[in-house]
Amino acid sequence: MYRILCVRVCVHKETSKLRSLHTATEISGAHMLRNIDVLFTNFRVESIALENMKAIVLVVTICLSLVVLASIHVVAGQETWYGIDGNNDAANSVDRAGEAKVMRWDDEVRARTGRRLLQVSDQGDQTALLQFKQGVQDPAGILHSWNLTLNPDVCDWGGVTCTNGTNPRVVHLYLTGRFNASLRGGISPNISGLTVLRNLTLSNHFLRGSIPEELGTLSMLVGLNLSGNNLTGSIPAELAKLTELRSLDLSGNNLTGDIPSELSNLSSLVSLDLGMNNLTGGIPGGLVKLSLLVSLDLSENNLVGDIPMGIGNLSALENLQLKANGLSGAIPAELGNLKQLKNLRLHDNYLTGFIPTQLASCKSLERLDVGANNLTGKLWPQLAQCRNLVDLDVSSNGLEGGIEPEFGTLGNLQNFLGMHNNFNGTIPDTFGSNCSNLRSFSVNNNKLTGPIPTGFANCPQLQGFLVGFNKINGTIPMGFGNLQKLSVLYFQNNDIEGQIDFLENCSAMGLIHGENNHLTGPLPRYFWPNCSHLTHLFVSGNNFTGEIPASLANCPLLQNVGVSWNKLTGVIPEAFSKSPKLMNLQVDHNKLTGSIPASFCSNWSDMEILYFQNNNLTGTIPVMLGNCPNLQQLHVQENPHLTGIIPEELGRLQKLENLVAYDTRISGEIPASLGNCTRLQNLVLFNNTHNGTIPASLGNCSGLKILMLSNNNLADVIPDSLGNCSVLRLLDLSKNQLTGAIPSSFRNLVSAETIFLASNNLSGDFVLDMSKLTNLESVSLSNNLMAGDVFASLATLNATNNFTAVDFTSNELTGTLPATFDVKRLTSLKVMLFGSNNLHGSIPSWVWTLPKLQLLDLKNNSFSGQLSAYFDNLRGFIDESSNNLNISSDGSSSSYIPSVTIEVAGAHVTYSTTLDWVISMQLSRNNLSGVIPTDITKLVKMKSLDLSRNQFEGEIPTNMGALTQLQFLDLSNNRLNGSIPQSFIKISNLATLFLANNSLSGAIPSGGTLQSFSNSSWLPGNKGLCGPPLDPIQYACYAAQSDSGDLSFTDLFAVPGLVVGFVVGFASIAFLCVAWKPARNFVHPNVKKPQSMWTPKSH
């Protein structure tokens, strides 16, 4: 008995040395027996029979197990799980923009409060935590308490929660990062050593690498949150082993691959959030088996396919977010079965079909977002039966019909977003009858008409009102001036009239967009009481009058002012120089006078855009503008009284992209300092009086896209450095005094679309390797001194080019056109101008096979030989689709040529870019011979034809009248004969006609426009022509001149001169016969018997 007592005492002493125990489910009696066996071996108790001792130990073991089990149940009872049930509203606010997650643990809040936690009993927990710490970097010291030397009890470490009792274990690891306080590195797989862990939260850090598949061994895990990190790789299928898991949040990472279908085995899952990753594939159909699911968020991934069938079986679902994916197909009508659904967000997918009317059965629905899809049909009024709707977003679809008045009766509605659809009709008045909660009403970019309902003035919470880009008329309701929370007002591009200065009372006004309406009156002066919220004021394209209010400069947050295209007068207020946040000042296209304030940019650190163009400004460009470090665009063009020079200080503008100053009186040299503006994209200084040279430093502007310096007095050579501007699209240096050759470096202008160097003194052979110029569309070097073989350079063009126009008019080109040429390199050519050179030889046949050619000018050369008899391949002269080059007046077209001058009927006609291109063939002043080919009449879309001053002979083609669109026709100074074809009367658009100096004959056809032309169209020459509109006396048609060649006797009397002559002559003869005796005797002689000459005389 004594020995037994001793043994009991020893057992008690030794077991008290144990620091922790496993949970009841993990501690078996057999395990305890093995521990006690070891203990008794250490004591070397040999006097008691081993069998009896084990029996005693078994009793002790059972007692200790009961005690431990009781303590664990006490701790487990202290864990509070907050999930989503039918009475919880957390799902309504699920959103990754800072909204609370739908599940959390209360034990973090209660951690260690009012209780002492013992040291963890399992060394594996300690090891797992230390290995996790070893795998991360902790610059902010989040894990500073994880130190065995300073704090040996891991239950006291930050973010760690243990069970209560004598044998604590780690059950909760909660480490959420914050700004400037986050962990970096990877998640150690050894964290799986926390074998009884129930919640693991490592959110909002910079953790990288993959999710350890070992997490799948944490069989007791209820909550797993790894959101807001940089985790990559796929979602481990092993997570499906966590059958106790109720909350899984992996959102906000860079996870890839498919969503594992095994996740459908998580039958206890209440919340699943995989949003904001790069997941692909479809939504696993097995997810619809998760009957306890309350929240499902798969938004902002790359998921495709249909929304799975059976999703309507998730009867507990309150929150469904699938936005920003690539989902297609229809919105399942079975979603109407989800009676608990409060939040449905399907925004930004490719969903088609109608919005299901079955959604009207979701009476709890508060947020319905189906915007940015391809939905059609109508916004069904049945959806207004969801009386709890707070947010309704159907924007950016193809919805049609009207906006039903029922939606205006939703008393809880805060946001109605219907922009970018095809809604028509008027805005229902009901929106102003029950709008106490309405904050945002957005229906811009539709086809709405009618006025703005005045009832919106009764919406005290209204913050945003957007109705721009419709056909709304009327005025802005005066009551809007009482909306103290109105901060965003967009009504641009409508037909709204009236004034808006009453909006000065809107104290919260921040953004106004009212461009392109018919507003009148003065601009608002301020926004009461201190204009503290205004950032944007855009009202360009109206009829505002008066001055720009200087008081607007007192708005402390003012960033953007756009008052262009109005009728404003006065000066630009210098007070704006004191607006420190001003970024954009657009006052162009008004009637402003005075100068640009010299103080501008003295206090502007954020200024980006300055538009002063098209006013009546005087003075110079302020030097101070060089102090705007963020200035990107400076436009001062079309101010004809603006003088001075381009300030050297503008070269300090490192972010300058556009410098536009054409049509002014600015002079002087172009500053070399502009080469420091390495971000410069558009330098447009044409039609000024700049002199000097083109700065070689511009070659440093590697981002230069448009360089237009035409019509100045620039001299010397073109800098070779311009070849460094590899993204240059448009180069226009025309109408200067430039000399020298074309720089060979131009072969590096790989982005060039137009090179326009006309009207200079450039010389030398045109030698340019065009093989890299794959974007080149037009080259013009007219009116220079260029020589060489142009077609040798054109032969280097890439076969897949889009080369449209070539102009070498008025140069010193010699030789012949190549007898053969690979037309595949010129399949896009529409304009070919080589007039006024010294070319000779015949026109090669390949010219007549250019399929899109529609403007051909070879005039004033020495070409000889006959024209081709076949023009069928000149589709540009035949097909309607090839008629126009569509070049815009601002030069923004890819095929920009400012103007083309051709000679028509002895007069120079300039076709500028404001007109459609004429379809023209100019072959005058050559030595072409033979007949005019009959095939030329197939070029039915031709508007101008000039074959004058050649040696053409024969007759004009009979069917010339088939060219019904001809406006100019010059066949003068040839050797043509025969008559003018009767078909000419069909050319109803003919405005200019020259047929002089030929040998034409016969009557001019009557009808059409031919009778309206003067003598210069027919004469001199053509001596055989007769009839109107020529002088009826001098050019009367006689018998020999008849069309048939024979005149009848009666035709003679049709001529007045013959009739008069006949009458006068007849009367004169009759008078002589009566009055003059010899004539009378001749008419009436004395009758005597005739005497035969053979009758002998009587004696």
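1. In this predicted model, a disulfide links C601 and C628, with their sulfur atoms 1.5 Å apart. The torsion about the S-S bond is -105°, and the link of C601 and C628 is left-handed. C601 sits in the loop between β34 (584-586) and β35 (609-611), while C628 sits in the loop between β35 and β36 (633-635), so the pair ties together parts of the chain that are 27 residues apart in sequence. As for their surroundings, C601 is buried, with a relative accessible area of 3%, and C628 is likewise counted as buried, at 0% relative accessibility.

2. A disulfide is, in general terms, a covalent bond between the sulfur atoms of two cysteines. C435 and C459 form one too, and here the sulfur atoms are 2.0 Å apart. The torsion about the S-S bond of C435 and C459 is about -100°, so this disulfide is left-handed. C435 belongs to the loop between β23 (424-425) and β24 (440-442), and C459 to the loop between β25 (447-450) and β26 (464-466), so the bond ties together parts that are 24 residues apart in sequence. Both C435 and C459 are buried.

3. A further disulfide joins C155 to C162, with an S to S distance of 2.2 Å. The link of C155 and C162 is left-handed, with -100° about the S-S bond. C155 counts as buried because its relative accessibility is 0%, and C162 counts as buried because its relative accessibility is 3%, the cut-off for buried being under 20%.

4. How many disulfides does a search of the whole structure find? The search finds five, and when the bonded cysteines are counted along the chain, the disulfides follow the pattern 1-2, 3-4, 5-6, 7-8, 9-10. C386, by contrast, is in no disulfide, and the nearest cysteine sulfur, that of C362, is 6.2 Å away. C386 nevertheless counts as buried, at 2% relative accessibility.

5. Why does C725 have no bond to C701? The closest cysteine sulfur to that of C725 is the one in C701, and at 6.6 Å it is too far for a bond. C725 also counts as buried, since its relative accessibility is 0%.

6. A reader may next turn to the nonpolar residues. In soluble globular proteins, nonpolar side chains tend to be buried together. In this chain the largest nonpolar core has 256 residues, and those with the most contacts inside it are F456, F480, F612, M832, M921 and W1018. At least two residues of this core are supplied by each of α4 (123-134), β4 (160-162), β5 (170-174) and α5 (790-794). Another core lies apart from it and has seven residues, among them V684, F686, M708 and L730.

7. W1018 offers a closer view of that largest core, as one of the residues with the most contacts inside it. When its neighbours within four places in sequence are left aside, W1018 is in contact with ten residues that can be followed in the structure, including I980, L993, L995, A996 and I1004. The list of contacts of W1018 also includes L1010, F1013, L1025, P1029 and L1030.

8. One sheet can be traced strand by strand. The sheet is open and has four strands in the order β3-β6-β8-β10, with mixed pairing. β3 (136-137) and β10 (230-231) stand at the edges and have a single partner strand each, so one side of each is left without a neighbour in the sheet. Strands of a sheet pair through backbone hydrogen bonds, either parallel or antiparallel. β3 and β6 (residues 184-186) run antiparallel and are joined by two bridges, and the bridge partner of V136 in β6 is G185.

9. From the UniProt record comes an annotation, in an unreviewed entry, that assigns residues 124-163 to "domain: Leucine-rich repeat-containing N-terminal plant-type". Over residues 124-163 the chain is 28% helix and 12% strand, and the end C-alpha atoms are 15 Å apart.

10. Some totals complete the picture. The chain has eight helices and 65 strands, and buried residues make up 51% of its 1099 residues. Among contacts between residues at least 6 apart in sequence, 56% join residues at least 24 apart. The accessible surface of the chain comes to about 46,800 Å², and 52% of that surface belongs to carbon and sulfur atoms.

Methods. Residues numbered from 1 in each chain as written. Predicted model: local features only at pLDDT ≥ 70, side-chain atom pairs only at ≥ 80, totals over all residues. Heavy atoms only, no water. Pairing = 2+ DSSP bridges. Buried < 20%, exposed > 50% of the residue type's maximum accessible area, 1.4 Å probe, protein only. Contact = heavy atoms within 4.5 Å. Areas by Shrake-Rupley, 256 points an atom, 1.4 Å probe, with all protein chains shown as cover. UniProt positions renumbered as here; feature names shortened; annotations may be inferred. Disulfide = S-S within 2.5 Å. Core = buried A, V, L, I, M, F, W, Y, C linked by side-chain atoms within 4.5 Å.
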